[in-house]
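The exercises below ask you to work from the coordinates to a classification, a contact list or a pairing. Try each task before reading its solution.

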Amino acid sequence: KNFMQNIIASLTIIFLIGLVIIRSSMLKKRGITAMNFGKIDKTDFCIPPIALFYFYIVFAEAFGWPTLTQYEFFNSGFISWIGVLFCLLGLVLFGLSLVSFGDSFRVGIDLDFPDKLVTEGVFSMMRNPIYVAFWMVLFGQFLVFSNWILLVYLGAATWLFHRQVLREEEFLDVQYGDEFREYKSRVRRYI
């Protein structure tokens with residue numbers, strides 16, 4: 001059932017992680033530390049094991065591995081394809097965000113070397129395209145696999161993304177002052 005949609009939706013995770021690793025490695029070769037995850041809030045280190053469990057749930061659903069639930073909210077090939085579309089659009093938006101970020105890409109807040117404020121490319125349409133991209137992928141995966149665990153993850157991720165955005169915007173306001181406030185006044189936080 002929905003085999004092609006399952007494969008595409010699950011591979012989206014691998015592509016997202018791969019893009020982050022490749023971009024971070026490219027920056028590291030040029031002396032830029034892109035991985036700043038958990039430097040400000042040590043509770044962020046609770047996120048990786050929770051994310052690994054999410055990855056397992058998605059791959060278990062896609063490949064028929066043992067899973068915690070068999071219940072689905074719906075089972076529709078059409079809705080599954082809409083989910084795939086969300087996953088692919090999220091992946092494209094994420095890629096465009098990385099290109100727009102250039103050397104300013106960071107995972108977490110970089111207090112030591114923040115680089116310039118990025119307002120070009122997809123950042124001219126929304127201030128947080130990476131979080132929107134991740135949310136689109138999670139929503140798409142819920143539409144493909146439609147189980148309650150992924151719905152809980154979608155809700156929790158929505159809260160976590162917004163929490164991180166508020167942290168980053170507080171930092172950007174202090175770091176860039178009027179430049180950030182002017183940008184904030186003309187570009188929406190999300191879509």
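**Exercise 1.** Decide whether Phe 73 is buried, partly exposed or exposed, and find the nonpolar surface patch that contains Phe 73.

*Solution.* Take the classes first: buried means under 20% relative accessible area, exposed over 50%, and partly exposed in between, with a 1.4 Å probe and protein chains only. Because its relative accessibility is 37%, Phe 73 counts as partly exposed. Phe 73 lies in the loop between helix H2 (47–63) and helix H3 (77–101), where helices are DSSP runs of H or I with at least four residues, numbered from the N terminus. Together with Tyr 71, Trp 148, Leu 151 and Val 152, Phe 73 forms a nonpolar patch on the surface, with about 500 Å² of accessible area in total. Such a patch takes residues with over 30% relative accessible area and no salt bridge, its nonpolar side chains (Val, Leu, Ile, Met, Phe, Trp, Tyr) being joined within 5 Å; the areas come from the Shrake-Rupley method with a 1.4 Å probe, and only the protein chains shown count as cover.

The model is predicted, so that local features need pLDDT of at least 70 and side-chain atom pairs count only at pLDDT 80 or more, whereas totals for chains, interfaces and linings use all residues. Residues are numbered from 1 along each chain as its sequence is written, and side-chain values use heavy atoms, with hydrogens and water left out.

**Exercise 2.** Which elements give two or more residues to the largest nonpolar core, and what is Phe 105 in contact with beyond its sequence neighbours?

*Solution.* A nonpolar core is a set of buried Ala, Val, Leu, Ile, Met, Phe, Trp, Tyr and Cys residues joined through side-chain atoms within 4.5 Å. The largest has 25 residues, and Phe 105 is among those with the most contacts inside it, as are Leu 93, Phe 94 and Tyr 183. The elements that give two or more residues to this core are helix H1 (3–29), H3, H4 and helix H6 (178–186). Setting aside neighbours within four places in sequence, Phe 105 is in contact (heavy atoms within 4.5 Å) with Val 20, Arg 23, Ser 24, Leu 27, Ala 34, Leu 98 and Ile 130. Another core, of 22 residues, lies apart from this one and includes Val 84, Cys 87, Leu 138 and Ala 157.

**Exercise 3.** Find the salt-bridge partner of Arg 127, and state where the two residues lie.

*Solution.* The criterion is a side-chain nitrogen of Lys or Arg within 4 Å of a carboxyl oxygen of Asp or Glu, and by this rule the count comes to seven salt bridges. Arg 127 pairs with Glu 169, the closest N and O atoms being 2.8 Å apart. The pair links distant parts of the chain, with Arg 127 in the loop between H3 and H4 and Glu 169 in helix H5, 42 residues apart. Arg 127 counts as buried because its relative accessibility is 11%, and Glu 169 is buried, with a relative accessible area of 6%.

**Exercise 4.** What is unusual about the phi of Ser 146, and is Ser 146 buried or exposed?

*Solution.* Most residues other than glycine have a negative phi. The phi of Ser 146, however, is near 45°, a positive value in a residue other than glycine. Ser 146 lies in the loop between helix H4 (129–145) and helix H5 (148–176), and counts as buried because its relative accessibility is 0%.

Technical notes
Patches are made of residues with over 30% relative accessible area and no salt bridge: like charges are joined within 9 Å, nonpolar side chains (Val, Leu, Ile, Met, Phe, Trp, Tyr) within 5 Å.
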